[in-house]
Amino acid sequence: MATASTPQPDSSSNLSITVESNPSDSRLSELGIQSWPKWGCPPGKYMLKFEAEETCYLVKGKVKVYPKGSSEYVEFGAGDLVTIPQGLSCTWDVSVSIDKHYKFASSSSS
């Protein structure tokens, strides 16, 4: 008989960040990354709340993202394609200046 793993309760429900390291050029082209807006920030700590799901591609930089109420973090940097779930409150601890392309998921259902 197989045992199913029970989801562990955590302070931020199931709001997990997904990181795809070094996606292929064809994948980036398919997503249209180059046409997305750009955003950047210098090293520092930033409290952020994501009102919509964000997909971003880091051109440069390095960051550790700590979900609110957690001591665990997700680290990503240049060359990573990252999806951040809607509703996530977190602290970005930026160690190397960030330069990224980003896109928010459309929340309209019309």
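These are my notebook entries on strand pairing, lysine 38, aromatic pairs and salt bridges in this predicted model.

**Entry 1: strand β4 and its partners**

I began with β4, residues 54-67. I looked up its pairing with β7, residues 89-104. The two strands run antiparallel, and 12 bridges join them. I then checked β6, residues 80-84. It pairs with β4 in the antiparallel sense as well, over four bridges. Strand β5, residues 74-77, also pairs with β4. I found four bridges there, again antiparallel.

Next I picked single positions. What does threonine 55 face in β7? It stands opposite lysine 103. In β6, threonine 55 has threonine 83 as its bridge partner. I also followed lysine 62 into β5, where its bridge partner is glycine 77.

I then went to the β4-β5 hairpin. Six residues lie between the strands. Within this hairpin, glycine 69 takes a positive phi near 80°.

**Entry 2: lysine 38**

I moved to strand β2, residues 38-41, where lysine 38 sits. Is lysine 38 buried or exposed? Neither: I noted it as partly exposed, because its relative accessibility is 47%, and the partly exposed class lies between 20% and 50%.

I looked for its neighbours beyond four places in sequence. Lysine 38 touches Asp99, Lys100, His101 and Tyr102. I took the C-alpha separation to tyrosine 102 and got 6.3 Å. Those two residues are 64 apart along the chain. I also checked side chain to side chain. Lysine 38 makes a polar contact with aspartate 99 at 3.4 Å.

**Entry 3: aromatic residues**

I counted five aromatic pairs. One of them joins tyrosine 102 and phenylalanine 104. I logged this pair as edge-to-face, with 65° between the planes and 5.6 Å centre to centre. The edge-to-face label follows because the angle is over 60 degrees. Phenylalanine 104 has a relative accessible area of 43%, so I entered it as partly exposed.

I then looked for a cluster. Trp39, Phe50, Phe76 and Trp92 form one.

**Entry 4: salt bridges**

How many salt bridges does a search of the whole structure find? I got four. I wrote up three pairs, glutamate 20 with arginine 27, glutamate 54 with lysine 100 and lysine 62 with glutamate 75.

For glutamate 20 and arginine 27, the N to O distance is 3.1 Å. I checked accessibility on both sides. Glutamate 20 comes out at 29%, which I entered as partly exposed. Arginine 27 is also at 29% and partly exposed.

For glutamate 54 and lysine 100, the closest N and O atoms are 2.5 Å apart. This pair links distant parts of the chain. Glutamate 54 lies in β4 and lysine 100 in β7, 46 residues apart. I checked burial too: glutamate 54 is buried, and lysine 100 is buried as well.

For lysine 62 and glutamate 75, I read 3.8 Å between the closest N and O atoms. Lysine 62 is in β4 and glutamate 75 in β5, so the salt bridge ties together parts 13 residues apart in sequence. Lysine 62 is partly exposed at 37% relative accessibility. Glutamate 75 is partly exposed too, at 37%.

Terms used: Residues numbered from 1 in each chain as written. Predicted model: local features only at pLDDT ≥ 70, side-chain atom pairs only at ≥ 80, totals over all residues. Heavy atoms only, no water. Pairing = 2+ DSSP bridges. Buried < 20%, exposed > 50% of the residue type's maximum accessible area, 1.4 Å probe, protein only. Contact = heavy atoms within 4.5 Å. Polar contact = N/O pair within 3.5 Å; in protein donor to acceptor, adjacent residues only side chain to side chain. Phe/Tyr/Trp six-rings, centres within 6.5 Å; stacked < 30°, edge-to-face > 60°. Salt bridge = Lys/Arg side-chain N within 4 Å of Asp/Glu carboxyl O.
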